[in-house]
Amino acid sequence: MISYISTRGNSPAVSSAQAILKGLADDGGLYVPDAWPTLDLTLADLKSLSYQEIAVKVFTAFLPDFAEEDLHEAIRKAYGSQWQNEQIVPLADFGHLHYLELFHGPTMAFKDVALQALPQLVKLAAKKEGLDKEIAILTATSGDTGTAAMAGFADVPKTKIAVLYPKKGISDIQRQQMQSEPGKNTYVYGLEGNFDQAQRAVKELLSDADFHDFLEKEQIQLSSANSINIGRLIPQIVYYFAGYGQLIAKGDIAPGEAIDIVVPTGNFGNMLAAYYASQVGLPVHHFTVASNENNVLTDFFNQGVYDRRRDFKVTNAPAMDILVSSNLERLLYFATNRNSDVVRQLMTDLQEKGQYHLPAESRTALQDFSAGWTSQETVLQTIQETYGKDHYLIDPHTAVAKALYSEGSRHTLLASTASPYKFAQTVLTALGKEAVAGQAGLVALSEATKTTIPVQMANLYERPIRHRQVITTDQIKATIQAAFKH
Ligand SMILES: N[C@@H](CCOP(=O)(O)O)C(=O)O
């Protein structure tokens, strides 16, 4: 049975339930499986399996300490009528290019796929571990994770969730979604800072001894809804298999045929899930890592040097405005042939010097990856061209990836990570329309493109604003402590 170990090698191995409850290993590392599990399916099976059935196969393989009937129930709840498409992640096909639409969930971003499941997994993990404490979820967001995490955890008994988002640099709709979140157990704070600062604070609090004393006194188990939590990543593996199954069902590929995958990425969770899928049997020929102007990952893959010492840019693909890409640490662990000493040193270099150099032999292990970045102007141009040529509307993050795609002989899954309505102002600008804010922006986009405003957004601007508090980075710990105190 697999267990989970820290990428930095200085924490004991834990079960999958424990890894989900902890979020981050005590040594600051990220939990990774100590061996690749075997999926109980063949690629030929995929074309006749529902999304939920594929999810059962992936979840049971990666979460072997959970009872299978509990996982069935969790999956039934996570992928039910709250999804606006029965396939959960349908494909939109244009020749060899297939957009894997990951945005049909409650908050219209790919984060829903995992964050509809994570609360179920957390509850099951707590039951399994005999944990009778309240569970507090701390989350940093550049716009999408926070919204989706609250949609998942809102009013879940014995949980609380606190979200930190950068005050500047999220879309109008993301702001409205978060500030008007009605869940009684939700706490939302705008930060005078950027995503990296929010995420650093989350990681520090997860391993802060004094904060842990407070949690112990209050009988609280702390975890995270970010993709540093392995419980966030596992559900994301499922959709690559589901997309592959749809390609077989449509007759585009034969079982076993290799595909390419292109992913717009900031925190690297979505890309890493594709890599995990490939390690447990999905035939992937090539991965393209797409970045926006915060192109730290592009330089890393092209030059083998990760250097966060650069200006942090607020862009029109804001969910990817990230310079410290947490999940890369998990890829480094595999690229270094599971050498936690090397990973620990690289992470120390990143912390202390702001950069690290990947050893040459590990660069070879990443030869299936290439990387590129897309400017804000090209994002606008790509949205306009895609709409003009294919009459298909894409959001700015999907455009970051689309700009790097060029048609080849292989079928390609391109992760379409958010609804274009979630970034209505940017999409309107791209289409040469006035970027009106609020409900008027949704109406303008609907009229300009003769598309329907997603039902998930129907009453969004009627919800009252509940969360207005803005804090500085110095105030994070005390603010979260006050929120979580009974
Ligand atoms: N893009 C994210 C940033 C956090 O990433 P995560 O996948 O680690 O949760 C966002 O929109 O919040």
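Select L97 and T412: T412, in strand 14, is the bridge partner of L97. This is a predicted model, in which local features need pLDDT of at least 70, side-chain atom pairs count only at pLDDT 80 or more, and totals for chains, interfaces and linings use all residues. Residues are numbered from 1 along each chain as its sequence is written.

Widen the selection to strand 14 (residues 412-416) and strand 4. They run parallel, joined by 5 bridges. Strands pair if DSSP finds at least two bridges between them. Helices (H or I, at least four residues) and strands (E, at least two) are DSSP runs, numbered from the N terminus.

Next, add strand 3 (residues 91-94). It runs antiparallel to strand 4, with 4 bridges. Pick D93 and find H98 of strand 4 opposite. Then go to the hairpin of strands 3 and 4, with 2 residues between the strands; there G95 takes a positive phi near 65°.

Now color strand 4 (residues 97-101) by burial. In this strand, 5 of 5 residues are buried (20 or more other C-beta atoms within 10 Å of the residue's own, with C-beta atoms placed from the backbone). In a regular strand the side chains alternate between the two faces of the sheet. L97, Y99 and E101 lie on one side and H98 and L100 on the other, so both faces are covered.

Last stop: the ligand. Show the 13 residues around it; T141, D144, T145, S227 and N267 come nearest (a residue is near if its C-beta atom, placed from the backbone, lies within 6 Å). Highlight helix 6 (residues 144-153), which supplies the largest share of the shell, 3 residues.

Conventions:
Buried ≥ 20, exposed ≤ 12 C-beta atoms within 10 Å, placed from the backbone.
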